[in-house]
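Visitor: I would like to go through this model term by term. Please set each value against its definition.

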Amino acid sequence: MACIGRGVKVGLSVRTRFAEALRSSISIVALARLVRDPLVHFLVAGLLIFFASQAWHDVHDQRVILVTPERAAELSTKYRLQFGTAPSEAQMTQLIDAYVLQEALYREGKAMGLDRDDEIIRRRLAQKVTFLQQDRSLPPQPSTDELEAWYGTHLKDYATPVRITYSHLYFSTDGVEDAAARARAAKALVALTSGGMPDGVGADDFPYQNGFAAQTPTQAGRLFGDTDFTHQLETAPLATWSGPYRSGYGWHLLKVEARVPGATPAFAEVQDRVREDYLHGAQAKANGQALERLKARYRVVRQDLGGQP
Amino acid sequence: MSHRWPTLISALIVCSCTAQAESPQTPKSVRPQTPATASEVTASERQVYFGEMHLHTSYSFDAWGLMATKSTPDEAYRFGRGEAVEVNGQAIRRGWPLDFMAVTDHSENMGLLNQLDDPASEISQTAIGKEIAKDPAKSFNMLRQASQERRMIPGLDPVSAGKTAWGRQVAAANANYRPGKFTTFIAYEWSQMNEGKYNLHRNVFFVGDKAPLPFSSADSGKPEDLWTYLEQNRAQGMDAIAIPHNPNASNGLMYDWNMSDGRPIDQAYAERRMRNEPLSEIVQNKGQSETAPELSPNDEFANFEIYDTLLTQRDVKGKVNGSYIRQAFGRGLVIQQKTGGNPFKFGLAGASDYHNGISTSDEKAFAGSPGGIDPNVNVPTGDAAKKLLGIIQTRSLIDDQAARTGKPPAINNPMQGGSSGLTGVWAEQNTRESIFAALKRKETFATSGPRIRVRFFGGWDFSPATLRKTDWTKQAYRTGAPMGSDLPFRAAGASAPSFILQAVKDPDGANLDRLQIVKVWVENGQNKEKIFDVALSGGRKTDPRTGKAPAVGSTVDLTTATYKNTIGAATLQTVWRDPEFDAAKPAVYYLRALEIPTPRWTTYIAAKNGLPLPTSSPATVQERAYSSPIWFTPTGRQAVRSDVRLAQK
């Protein structure tokens, strides 16, 4: 309150001087001249600066912790968010005590410069500015020609997947050691390559089909898991038995009969998807550019490489 | 509130990116031609498809208000079909894409509060909008109380918000439908809470690409009225079904003996209910509803993902009787004997009921609360992890009893929630028509999360030799009945029904422990249950004295939250004949497959953070699959009825 009192006193003395000036020049012309008087400009500007700096000092005085009604309301709201009811008077006092202590510690820490090298504070501030930057730029709607050109450079994202036709033999690990099942599969492979028939090499019953036509790797993965067997469908030698490869169920021998490479659909077939993806990408690009522009405002000196500031 | 600022901004970015895809005016995405029509594929060639039937986004007022959810239905679908989506500035992708999915936001206040994410929206300018934006959690009890008392809150217009939001829901479901690859259903949740606390919720699913405005619990709180809405739409060619969930929190009302008006269930009610509600959710985030240890004292595996408190009063237990599915199967038989109609002749579904728009189902891709996101991407650490494991206690935000009485709200128990379930269907192909038909004929099963595939057939002529044929499924469909249907008529001279059971492990998951048959029947007007271990991994044998099989053991390392598949089996299958069959007694049979023990989600979080394991929740779980049942009805009046249904199939 002392600060505010001081301000009022100063304000009064200025007002007295104004009154005197008014009394000595009553005519409107004189008033107009007064308004244009550089001295008056100087005085008014000085006053504004004075009040502003007073107000700034009030808030930022390191030894005053202001608990504004807004701050109290915020503490109360946060409590309610966490516990579902409004804080009692005693709880409110505790909340304010805790706030005051935190604020005091925060200012001490700041005065000691502890914030300067704190990684978490740096990241948090950087993140806030990132969000602010990204919010600014919305990409314009592309024309069909632009879309088609863009599609031409992103064909592989729209290509249909490879389709694999294959047979497999299953060697279960149930009730036996994993290595034993693998060895059985390996032995069966020898028999197959020396002319044995698939149904005569002692493979186990597989709960689903032993052959699949024109499967995509994703479809195969749904059944066999994210496993070596699934991956081998795309790389194993064609038209010959190979293995053993592990799936989520056990060991397999594999014979890939055919692989039909994927194709690229015509632009008209996928135009809507292309537009969605284009806008998605354009937004990401605009966000990236906003951050680049921000970075460009800074000069980087690589002192670690011998650069001079 | 400055801490909400970055999330708000990022949400706006996300909204602005997806507004294009969400707008109902946007032309539908191009639909690839489907390779074959359903009729060209025979029953024995049906495939398993896995789906999520219950998920909320920011369009649900509770998700927005309580969990600060920002995701849209469109993002939820994109994530479900395997695209990367951004959550809180991080790109995340599902471990494996789902085959089908439905976003089921609450119809009550749909799309009302998430408008506050747009500072330019009309509601953002109102006094009440500003008040809610300041304290979103407060809105939950406020809106729930208002809807309970069937009154409007001045300044909030749920009807017009609902219309706009529903248009976007329909558009998002249609735009993300990829026939043959990814099926979506237009859907919503009818959120009736009797007396504000007893859960009678149902999700509603439409088969087509058009749907009328939702019929919400504000229109009527009686399930019978919801069925009238479904029947009227069906008559106009917009077929739809409802799936109830969380009977475990219904205080005995979900599978009560009585109808909404308090009179005992009659035949007309039973038949209507089954026409409109062919399935029930048996497992999801808020616990399993198969059975409770009190109801099934002889079931050593009943103590699994128990959630026995009311949803709005976390410290109050609900009534057990009438709240669980196994008992309901028995009650249904009792009612059928009395009235000729079985109101509980339903199949099974599993889902997440997560409220963050991000549907995951693996145990290690779950971060606790319904608002948690995949911990592989966003590992809860520090205080967040401690809160999940109960080391730091928090209080419930949805305890309206406390809000009224001024008592402190109940302490949260985040460990009570389990990770998501899944629905499996046997369908000809991955299209709306084919999967919807499978849901209606109940050829479904539920899992507690893993992609365990189960097959279950009942008949009179199956023998162990049947399974040795490579094309045994052809015979199974020809002479038997698949999960979700009635046993065929008893052949002359057949002494007891036999069942084919098969379970195949999740190809990326744990081995299987055992296969069980759960049998429920009626004796002297009372429902009974018994569990048979019919296939055991590792050559174990049932002890003839106790009737119990030895436990499979455990390979779980609790400190690293890992396990090994050195016990259990990749596949289990058998043919089982009921040794206690009595042709005079109606019975229900369903399959239950158990995995070997694996770490529970709490154990993953504790291990990742080096925190102690919680003592109030189990450290390991035996995940499981449950098939829809197969029913037997003795010859006589009821059997004729069931035969008529069979002939219609």
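Visitor: What makes the strand order 17-16-18-21 in chain B a sheet, and is that sheet open or closed?

Guide: The model is predicted; local features need pLDDT of at least 70, side-chain atom pairs count only at pLDDT 80 or more, and totals for chains, interfaces and linings use all residues. Residues are numbered from 1 along each chain as its sequence is written, while chains are lettered from A and ligands numbered from 1 in the order in which they are written. The four strands, in the order 17-16-18-21, form an open sheet with antiparallel pairing. Strands are DSSP runs of E with at least two residues, helices are runs of H or I with at least four, and both are numbered from the N terminus. Two strands pair if DSSP finds at least two bridges between them.

Visitor: Why are strand 17 and strand 21 of chain B said to stand at the edges?

Guide: Strand 17 (481-482) and strand 21 (571-577) each have a single partner strand, so one side of each lacks a neighbour in the sheet.

Visitor: How do you know that strand 18 and strand 21 of chain B pair?

Guide: Seven bridges join strand 18 (residues 498-504) to strand 21 in the antiparallel sense, and the definition asks for at least two, so they pair. B:A503 stands opposite B:L572 of strand 21.

Visitor: What joins strand 19 to strand 20 in chain B?

Guide: Strand 19 (residues 512-523) and strand 20 (residues 526-536) run antiparallel and share 10 bridges. B:Q516 has B:D533 in strand 20 as its bridge partner. The hairpin has two residues between the strands, and B:N524 takes a positive phi near 50°.

Visitor: Why are helix 7 and helix 12 of chain A called roughly perpendicular?

Guide: Helix 7 (residues 144-152) and helix 12 (residues 267-296) pack at about 90°, with their axes 10 Å apart. Axes are lines fitted to C-alpha atoms, for helices over the stretch in contact, and angles run from 0 to 180 degrees between N-to-C directions. Under 35 degrees counts as roughly parallel, over 145 as roughly antiparallel, 65 to 115 as roughly perpendicular and the rest as oblique. The pair is therefore roughly perpendicular.

Visitor: Which residues of helix 7 and helix 12 in chain A meet?

Guide: A:L147, A:E148, A:W150 and A:Y151 in helix 7 meet A:F267, A:Q271, A:V274, A:R275 and A:Y278 in helix 12; contact requires C-beta atoms, placed from the backbone, within 7 Å.

Technical notes:
Contact = placed C-beta atoms within 7 Å.
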